Amino acid sequence: MHTTALVLFSGGQDSTTCLAQALAKYRRVETVGFDYGQRHSVELKARLVVLQQVRAQFPQWAGKLGDDHVLDLAVLGQVSETSLTRDTAFKMESSGLPNTFVPGRNLLFLTLAAALAYRRDLQVLVTGVCETDFSGYPDCRDDTMKAMQLALSLGMDKRFLIDTPLMWIDKAATWSMAEALGGQALVQLIIEHTHTCYLGDREHRQDWGYGCGSCPACELRARGYAAYAAAPPAG
Ligand code: ZN
């Protein structure tokens, strides 16, 4: 029986929804974030605010929510400076990805998360990867996650589970999942405090949250929110 989890938590809409799901599902939950460049400084601030808001607004979850960890991954900046990865980054950004694409980035995240989970005695790694909205992103695919789960479990001789609650749903359904887990309070928390915008824009408030409104990440979030808002209320 898996009862403890480490959530890969970036401070965005997806990982915040995953965090809520983990808090509803597991007995003890910790969070981990990765610091690997200037662009994410807004995101790193947002994740602390989100954690604080979750604790304040959801007392039923606050007691389960344990330590937050931030790992320094400056090495990713060194890898992504090669011209090869710069070409790849451009291609992936035009296809709707929120950040500079570094091949294998999620593999590295999961490996480090597993090492941390091992030390913290946490059984499940929860990640907001999704095939539905990111079909071109090979290290978000379900097959990759299954292979990682096996590799990490064998390589660390500990039976890890990789839990991917968003794998087969789209952005509209991610909003609906948040509502099912934490009602309008959680939806509003996500709108107000999570960060998705590729450009780090926290000045412009849209109906779906803060962001420039025109980068691929904002477009994806806006489109999902519009579909969710247009749908008849659940139940
Ligand atoms: Zn944006």
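Which unit do strand 1, helix 1 and strand 2 make? Select the three elements together in this predicted model, with helix 1 taken as residues 13–25, and what appears is a β-α-β unit of the right-handed kind.

Before going further into that unit, show the protein chain as a whole. The chain holds 9 helices and 7 strands, and of its 235 residues 50% count as buried. If contacts are drawn between residues at least 6 apart in sequence, 68% of them join residues at least 24 apart. Switching to a surface display, the accessible surface comes to about 11,000 Å², and carbon and sulfur atoms account for 55% of that area.

Now return to strand 1, residues 4–8, and select the strand alone. Because 5 of its 5 residues are buried, strand 1 is largely enclosed by the rest of the structure. With side chains displayed, Thr 4, Leu 6 and Leu 8 can be seen to point one way, while Ala 5 and Val 7 point the other way, and the residues on both sides are buried.

Add the neighbouring strands next, keeping Ala 5 as the reference point. Strand 2, residues 28–35, runs parallel to strand 1 and is joined to it by 5 bridges; within this pairing, Val 29 of strand 2 is the residue that stands opposite Ala 5. Strand 4, residues 124–126, also pairs with strand 1 in the parallel sense, here over 3 bridges, and Val 124 is the bridge partner of Ala 5 in strand 4.

From strand 4, follow the chain into the loop that leads to helix 7 (142–156), and select Gly 128, which lies in this loop. Is this glycine buried or exposed? Gly 128 counts as buried because its relative accessibility is 18%, where the cut-off for that class is under 20%. Leaving aside residues up to four places away in sequence, Gly 128 touches Asp 14, Cys 18 and Leu 166. It is also worth drawing a distance from Gly 128 to Met 167, since these two residues are 39 apart in sequence, yet their C-alpha atoms are 7.2 Å apart in space.

For the last stop, select Leu 108, which has its place in helix 6, residues 105–120. Leu 108 counts as partly exposed because its relative accessibility is 32%. Adding Val 75 and Val 79 to the selection completes a nonpolar surface patch, which these two valines make together with Leu 108 and which covers about 200 Å².

Terms used. Residues are numbered from 1 along each chain as its sequence is written. This is a predicted model: local features need pLDDT of at least 70, side-chain atom pairs count only at pLDDT 80 or more; totals for chains, interfaces and linings use all residues. Side-chain values use heavy atoms; hydrogens and water are left out. Patches are made of residues with over 30% relative accessible area and no salt bridge: like charges are joined within 9 Å, nonpolar side chains (Val, Leu, Ile, Met, Phe, Trp, Tyr) within 5 Å. Accessible areas come from the Shrake-Rupley method with a 1.4 Å probe; for residues, only the protein chains shown count as cover. A salt bridge is a side-chain nitrogen of Lys or Arg within 4 Å of a carboxyl oxygen of Asp or Glu. Helices (H or I, at least four residues) and strands (E, at least two) are DSSP runs, numbered from the N terminus. Buried means under 20% relative accessible area, exposed over 50%, partly exposed in between (1.4 Å probe, protein chains only). Two strands pair if DSSP finds at least two bridges between them. A crossover is right-handed if, with the strands pointing away from the viewer, the path from the first strand over the helix to the second runs clockwise. Contact means heavy atoms within 4.5 Å.
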